[in-house]
Amino acid sequence: MTITCFIRYEIDPFQRDAFRRYAEAWGHIIPRLGGALLGYFLPHEGTNNVAWGLIGFESLAEYEAYRTRLKADPEGRANFAMAQELRFILKEERSFVEFVPGTRRLS
């Protein structure tokens, strides 16, 4: 993976379960469409209205191709529509980051 799309969500803290369902749906949609899903994360302690999603891609071109497939995918469109209908995502920000080798140790 060359880049990671880091998505920061501001969510309605009273609709955690709705966001959880939304994230779980991406669990099989994103890999099917070519993204390397690193995970979705809900707040646990501290701030209760910020969640994250991380998706890896080989390049920005791969990300753009993924977005094109996503926009055409019925299941993906349905998940977006559910989020809009229930309004549990208040704000969404995307950043693209790269991993710094030598900074992650699995032990």
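The exercises below work through the fold, the overall dimensions and the internal spaces of a predicted model.

**Exercise 1. Describe the secondary structure of the protein and the order in which its elements occur.**

Step 1. Begin with the inventory, which consists of three helices and four strands.

Step 2. Place these elements along the sequence, where they follow the pattern β-α-β-β-α-α-β.

Step 3. Turn to the contacts between residues at least 6 apart in sequence, of which 71% join residues at least 24 apart.

**Exercise 2. Compare the radius of gyration of the protein with the value for a compact globule, and describe its extent and surface.**

Step 1. For 107 residues, a compact globule would have a radius of gyration near 13 Å, and the 14 Å of the protein agrees with this.

Step 2. Taken along the principal axes, the box filled by the C-alpha atoms is roughly 40 × 35 × 25 Å.

Step 3. The accessible surface comes to about 6,900 Å², and carbon and sulfur atoms account for 53% of this area.

Step 4. With buried defined as under 20% relative accessible area, buried residues make up 33% of the 107 residues.

**Exercise 3. Find how many cavities of 30 Å³ or more the structure holds, and characterise the lining of the largest cavity.**

Step 1. The count is one cavity of 30 Å³ or more, and the volume of the largest cavity is about 90 Å³.

Step 2. Its lining comprises 15 residues, among which I7, Y40, I55, Y66 and R94 are the closest to the centre of the cavity.

Step 3. Assign the lining to secondary structure: β1 (3–11), α1 (16–32), α2 (60–72) and β4 (89–97) each supply at least two residues, and α2 gives the most, with four residues.

Step 4. Sorted by class, the lining of the largest cavity has 12 nonpolar and three charged residues, with no polar residues.

**Exercise 4. Characterise the second largest pocket by its volume, its lining residues and the elements that supply them.**

Step 1. The volume of the second largest pocket is about 150 Å³.

Step 2. The residues that line this pocket are Y22, F80, A83, Q84, I89 and E92.

Step 3. The elements that contribute two or more residues to this lining are α3 (74–86) and β4, with α3 providing the largest share, three residues.

Step 4. The class composition of the pocket lining is four nonpolar residues, one polar and one charged.

Step 5. Setting the two linings side by side, β4 supplies at least two residues to that of the largest cavity, and β4 also gives two or more residues to that of the second largest pocket.

Technical notes
Residues numbered from 1 in each chain as written. Predicted model: local features only at pLDDT ≥ 70, side-chain atom pairs only at ≥ 80, totals over all residues. Heavy atoms only, no water. 1 Å grid on protein atoms, 1.4 Å probe; cavity = no way out; pocket = protein on both sides within 12 Å on 5 of 7 lines; lining within 4 Å. Points joined across faces, edges and corners; volume = space filled by probe spheres on them. Nonpolar A, V, L, I, M, F, W, Y, C, P; charged D, E, K, R; others polar. Rg over C-alpha atoms; globule rule 2.2 N^0.38 Å. Buried < 20%, exposed > 50% of the residue type's maximum accessible area, 1.4 Å probe, protein only. Contact = heavy atoms within 4.5 Å. Areas by Shrake-Rupley, 256 points an atom, 1.4 Å probe, with all protein chains shown as cover.
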